[in-house]
Amino acid sequence: MAKQHPEGTVLEAKRSKLAPPPLYTVLLLNDDFTPMEFVVFVLQKFFSMNREQATQIMLKVHIEGRGVCGVYPRDVAATKVEQVTAFARENQHPLACVMEEN
């Protein structure tokens, strides 16, 4: 049986606030074997960077040991990590790509 509401009663839908999904930072880690030019190419190919941006990130990885490639939702970040890792292995480089929750 449906509830009867007196005339003039206004029912308001409660809006639940959804938290935005957590974002993940994708990073490249330095090693002593992967050529710098290969790292620049990976940043251009998988992270849509121009040559100048890619070179800056590559130098950051080289000097500081790690560099940020981008910040993405979990599934996108995981896919980027898998793509970069597979591509590096196909080209016989030990380049490490990881993701960290923000």
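These legends go with a set of close-up views of a predicted model.

**View 1. Helix H2 from end to end.**
Here we look at H2, the helix that runs through residues 51-64. Its 14 residues stretch 20 Å from the first C-alpha to the last, close to the 20 Å expected at 1.5 Å a residue. At the start of the helix, look for Asn50: one of its side-chain oxygens comes to within 3.0 Å of the backbone nitrogen of Glu52. At the other end, H2 is followed by Gly65, which has a positive phi, near 95°.

**View 2. The two sides of H2.**
Which residues of H2 are buried? They are Ala54, Ile57, Met58 and Val61. Seen down the helix axis, the buried residues of H2 fall within an arc of 105°, so they line one face. The spacing makes sense: an α-helix has 3.6 residues a turn, so residues three or four places apart point the same way. Swing round to the other side of H2 and you meet Glu52, Ile63 and Glu64, which are exposed.

**View 3. What the buried face of H2 packs against.**
The buried residues of H2 have three elements as packing partners. These are strand S1 (23-29), helix H1 (36-47) and strand S2 (66-73).

**View 4. Phe38 and Phe87, a stacked pair.**
A search of the whole structure turns up four aromatic pairs. In one of them, the rings of Phe38 and Phe87 have centres 5.5 Å apart and planes at 10°, so this pair counts as stacked. Phe38 belongs to helix H1 and Phe87 to helix H3 (residues 74-90), so the pair ties together parts that are 49 residues apart in sequence. Both Phe38 and Phe87 are buried.

**View 5. Phe41 and Phe87, a tilted pair.**
Phe87 also pairs with Phe41: the ring centres are 5.9 Å apart and the planes sit at 35°, so this pair is tilted. Again distant parts of the chain are linked, with Phe41 in helix H1 and Phe87 in helix H3, 46 residues apart. Are these two rings buried or exposed? Phe41 is partly exposed, with a relative accessible area of 40%, while Phe87 is buried, at 16%.

**View 6. The ring cluster and Lys45.**
Pull the ring pairs together and you get a cluster of Phe38, Phe41, Phe46 and Phe87. Lys45 joins the scene too. It lies over the face of Phe46, 5.5 Å from the ring centre. The charged end of Lys45 also sits over the ring of Phe87, 5.5 Å from its centre.

Notes:
Residues are numbered from 1 along each chain as its sequence is written. This is a predicted model: local features need pLDDT of at least 70, side-chain atom pairs count only at pLDDT 80 or more; totals for chains, interfaces and linings use all residues. Side-chain values use heavy atoms; hydrogens and water are left out. Helices (H or I, at least four residues) and strands (E, at least two) are DSSP runs, numbered from the N terminus. The expected span of a helix is 1.5 Å times one less than its number of residues. Buried means under 20% relative accessible area, exposed over 50%, partly exposed in between (1.4 Å probe, protein chains only). The arc is that of the directions from the helix axis to the C-beta atoms. Contact means heavy atoms within 4.5 Å. A polar contact is a pair of N or O atoms within 3.5 Å; within protein, one must be able to donate a hydrogen and the other to accept it, and residues adjacent in sequence count only if both atoms are side-chain atoms. Rings of Phe, Tyr and Trp (its six-membered ring) pair if their centres lie within 6.5 Å; planes under 30 degrees apart count as stacked, over 60 as edge-to-face and the rest as tilted. A charge sits over a ring if NZ of Lys or CZ of Arg is within 6 Å of the ring centre and within 35 degrees of the ring normal.
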